[in-house]
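Reader: Got a minute to walk me through this one? I'd like the overall fold before we zoom in.

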Amino acid sequence: MTQRNLLEVDWSKIPAPTDDGGAAHLKGMTLPPIGLRATDDTSVTLSTLRGRTVVFAYPRTGEPGKIALVDDWDMIPGARGCTPQTCAFRDLFAELKTAGAAHVFGLSTQSNDYQIEMASRLHLPFPVLSDEKLALTNALKLPTMEVAGLTLIKRLALVIDDAEITHVFYPVFPPDRNAGDVLEWLKTNPVR
């Protein structure tokens with residue numbers, strides 16, 4: 001299935017991911033001291049950040065003018081929707097901050113070079129972290145999928161308070177609603 005506009009998706013035609021239990025172990029975990037390259041040219045160690053942090057992870061955003069990794073990308077449950085998810089977090093960024101998120105980050109296993117281009121193109125007000133070497137993914141045992149020989153993070157969102165994961169959104173579907181769901185959770189669960 002090819003849909004030309006990345007932001008206008010008929011989610012009824014996209015298979016929804018199921019809860020495979022891949023994120024059940026994350027709530028209550030303390031983040032390890034792993035630095036990740038960010039699109040603002042810094043190294044971010046999530047475990048050192050004070051306050052509430054929101055991290056949303058996704059498999060892979062599309063690259064303009066390039067074909068998908070595989071022909072049936074849209075039919076892989078949970079694969080389609082990385083750009084709509086990211087843009088929703090962009091559009092609700094100020095509200096997420098007002099609701100208590102001291103930090104907001106995107107996260108994928110794509111290279112930092114690609115993510116810098118994507119962050120600029122989408123006008124993101126927050127950094128995107130690259131876990132290209134799978135350091136955080138492996139340390140936290142994040143749920144992943146293998147596509148075209150690449151290890152990709154399955155779509156999820158984490159709320160982290162002073163290095164401890166306090167809430168997990170998984171599976172996430174439809175992706176463009178994830179930021180709104182996180183915002184509602186933040187509003188009803190203020191920082192302690």
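**Fold and helix 3**

Author: Sure. Keep in mind that this is a predicted model. Of the contacts with a separation of 6 or more, 70% are between residues 24 or more positions apart.

Reader: OK, and how many helices and strands does the protein have?

Author: Five helices and nine strands. Along the sequence they run β-β-β-α-α-β-α-β-α-β-β-β-β-α.

Reader: What's the radius of gyration, next to that of a compact globule?

Author: The protein comes out at 15 Å, which agrees with the value near 16 Å for a compact globule of 192 residues. The C-alpha trace spans about 45 × 35 × 30 Å along its principal axes, and 51% of the residues count as buried.

Reader: Let's switch to helix 3. Which residues are buried there?

Author: Helix 3 covers residues 112-121, and its buried residues are Asn 112, Tyr 114, Gln 115, Met 118 and Ala 119. Those residues sit on the same side of helix 3, because they cover an arc of only 150 degrees around the axis.

Reader: Why would residues three or four places apart point the same way?

Author: An α-helix has 3.6 residues a turn, so that spacing brings them round to the same direction.

Reader: And what's exposed on the other side of helix 3?

Author: Asp 113 and Ser 120.

Reader: What covers the buried residues?

Author: Among the elements covering them are strand 1 (35-38), helix 1 (82-91), strand 4 (101-108) and strand 5 (128-130).

Reader: Which residue with positive phi follows helix 3?

Author: That's His 123, with phi near 55 degrees.

Key
Residues are numbered from 1 along each chain as its sequence is written. This is a predicted model: local features need pLDDT of at least 70, side-chain atom pairs count only at pLDDT 80 or more; totals for chains, interfaces and linings use all residues. Side-chain values use heavy atoms; hydrogens and water are left out. Helices (H or I, at least four residues) and strands (E, at least two) are DSSP runs, numbered from the N terminus. The radius of gyration is taken over C-alpha atoms; the globule rule is 2.2 Å times the number of residues to the power 0.38. Buried means under 20% relative accessible area, exposed over 50%, partly exposed in between (1.4 Å probe, protein chains only). Contact means heavy atoms within 4.5 Å. The arc is that of the directions from the helix axis to the C-beta atoms.
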